[in-house]
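Open the model in your viewer and keep a selection tool to hand. The stops below run from the whole chain to single residues.

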Amino acid sequence: MRAVSKHLLGGLNATTFLRRHWQKQPLLVRGAFPAFEGVLDLDEMQELACREECDARLVLRQGQRWSVEHGPFSRKRLSRLPARDWTLLVQGLERVLPAARELLSHFNFIPYSRLDDLMVSYAPPGGGVGAHFDSYDVFLLQGPGQRRWRVGRQRDLSLVEGAPLKILRNFAPDGECVLSAGDMLYLPPEYAHEGVALDACFTYSIGFRAPSHRELVSRFLAHLDDGLEIDGRYADPDLRAQARPAHIDIGMVAKIEAVLGSITWSRRDVVAFVGGYLTEPASQVVFASPVRALTRTAFSKAVRQAGVELAGGTLMLHSGSEVFINGESHRVDGRNGAPLRELADRRRLQGHRATAAAMDVLYQWYRNGYIYLRKKRRI
């Protein structure tokens with residue numbers, strides 16, 4: 001894990017931050033990233049917003065009326081925007097920009113299993129997305145420019161009816177602050193907030209996923225269904241005639257209850273589900289296999305010299321002897337699993353640490369486009 005700098009959390013170490021603030025109370029940090037200039041400029045951001053594989057939105061406000069457009073956009077559309085009162089957002093920067101992945105690495109005191117993505121928003125004066133709340137933790141890191149934030153621990157979470165965004169109907173902030181480049185605001189789930197650009201500005205949002213219990217249950221049941229092997233078919237050789245043919249007999253209910261009661265799962269099943277679920281790539285992610293793939297021997301030699309690194313869209317976690325990558329599960333023993341777990345933790349691996357068995361796995365991932373060879377001077 002990367003050491004937390006003295007600036008990032010306002011002088012707090014990771015343990016103290018997690019105990020005092022994580023999912024409890026906001027934290028304002030001045031100069032979290034001193035002299036922070038962001039990871040891209042407006043032209044680069046607009047280029048991403050025009051790409052098919054990027055998730056981009058455009059939010060416009062006219063008085064009390066809001067509208068939302070979804071990308072990809074054309075350069076012509078973006079060039080015709082008004083002088084104020086709009087916001088361009090691009091999600092998943094870490095999938096396409098090495099500098100974005102480097103920025104996210106500063107937050108790895110929070111497990112990767114909780115990390116969602118890095119989103120950037122750009123707004124001219126007056127731009128914002130309205131007063132709202134998120135169901136997850138978020139760090140709001142200010143890039144170039146200034147944004148005023150109003151924040152409150154709001155109990156009334158009712159929304160404006162008919163709005164294309166989830167805008168709070170009765171926003172009542174407790175306080176406000178102005179963030180300049182390098183300042184950062186941490187907000188726990190369901191803290192109401194509203195950010196308005198004071199001048200042309202960028203804001204980077206580091207969000208952490210928090211799936212609802214309903215989604216977890218639904219996805220877990222689907223996971224179980226994929227592996228269920230239950231033989232037999234409903235039978236009732238003891239069926240008797242009944243006076244009311246529309247009545248569901250208690251005997252039928254008992255038989256079906258017994259079948260359903262035979263469905264069980266273990267901790268290993270849950271681990272397999274969690275690993276696959278949390279590493280499932282976003283729908284926009286496409287992995288490109290190498291055009292001219294190296295042979296296994298040439299790949300091994302190249303890895304020994306330069307090492308490997310996860311591709312931008314790759315998600316990788318581990319638990320015990322299980323390693324999960326992009327929704328796939330791989331069972332590995334301790335010695336061969338160690339370099340793969342290191343790759344998951346550090347997102348890169350020095351080649352001399354890979355065993356022969358680990359190299360076989362790495363080669364398959366290389367052919368799939370999940371990892372790539374590092375350049376010798378890559379930072």
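Start with the whole chain selected: of its 379 residues, 41% count as buried, where buried means under 20% relative accessible area, exposed over 50% and partly exposed in between (1.4 Å probe, protein chains only). This is a predicted model, in which local features need pLDDT of at least 70 and side-chain atom pairs count only at pLDDT 80 or more, while totals for chains, interfaces and linings use all residues. Residues are numbered from 1 along each chain as its sequence is written, and side-chain values use heavy atoms, with hydrogens and water left out.

**Whole chain**

Switch to a cartoon view. The protein chain has 10 helices and 17 strands; these are DSSP runs, with helices being H or I of at least four residues and strands E of at least two, numbered from the N terminus. Along its principal axes the C-alpha trace spans about 80 × 65 × 45 Å. Turn on the surface: the accessible area comes to about 21100 Å², and 51% of that belongs to carbon and sulfur atoms. Accessible areas come from the Shrake-Rupley method with a 1.4 Å probe; for residues, only the protein chains shown count as cover. A contact map would use heavy atoms within 4.5 Å as the criterion for contact. Among contacts between residues at least 6 apart in sequence, 78% join residues at least 24 apart.

**Helix α7**

Select residues 267-278, which form helix α7. The expected span of a helix is 1.5 Å times one less than its number of residues. For the 12 residues of α7 that should give 16 Å, and the end C-alpha atoms are 16 Å apart, which agrees. Which residues of α7 are buried? They are Phe273, Gly275, Gly276, Tyr277 and Leu278. To see what covers the buried residues, add α5 (213-227), β13 (316-319) and β14 (322-325), which are among the covering elements.

**Helix α10 and its partners**

Select α9 (residues 334-346) and α10 (residues 356-368). Their axes come within 7 Å and cross at roughly 40 degrees. Axes here are lines fitted to C-alpha atoms, for helices over the stretch in contact, and angles run from 0 to 180 degrees between N-to-C directions. That crossing makes α9 oblique to α10, since angles under 35 degrees count as roughly parallel, over 145 as roughly antiparallel, 65 to 115 as roughly perpendicular and the rest as oblique. Show side chains for Asn336, Pro339, Leu340 and Leu343 of α9, and for Ala357, Ala358, Val361, Leu362 and Trp365 of α10; these make the contact. The set divides into eight nonpolar, one polar and no charged residues. In this grouping Ala, Val, Leu, Ile, Met, Phe, Trp, Tyr, Cys and Pro count as nonpolar, Asp, Glu, Lys and Arg as charged, and the others, Gly among them, as polar.

Keep α10 and swap α9 for α8 (residues 296-306). The axes of α8 and α10 come within 10 Å and cross at roughly 105 degrees, which makes α8 roughly perpendicular to α10. On the α8 side the contact involves Arg296, Phe299, Ser300, Val303 and Arg304, and on the α10 side Ala356, Met359, Asp360, Leu362, Tyr363 and Tyr366. The residues of this contact divide into seven nonpolar, one polar and three charged.

**Glu342 and Arg347**

Return to α9 and pick Glu342, which is found in that helix. Glu342 is buried, with a relative accessible area of 16%. Leaving aside neighbours within four places in sequence, Glu342 is in contact with Arg347, Arg348, Leu349 and Arg353. Now centre on Arg347, in the loop between α9 and β16 (348-349). Arg347 counts as partly exposed at 22% relative accessibility.

**Backbone angles**

Most residues other than glycine have a negative phi, and most peptide bonds are trans. Arg347 has a positive phi of about 65 degrees although it is not a glycine. Asn326, in the loop between β14 and β15 (328-331), also has a positive phi, about 50 degrees. Is Asn326 buried or exposed? At 8% relative accessibility, Asn326 counts as buried. Next, go to Gly71 and Pro72, joined by a cis peptide bond with omega of about 5 degrees. Pro72 sits in the loop between β3 (65-70) and α3 (75-79).

**Last stop**

Select Ala35 in the loop between β1 (27-29) and α2 (42-49). Ala35 counts as exposed at 70% relative accessibility. Ala35 and Gly182 are 147 residues apart in sequence and 6.0 Å apart in space, C-alpha to C-alpha.
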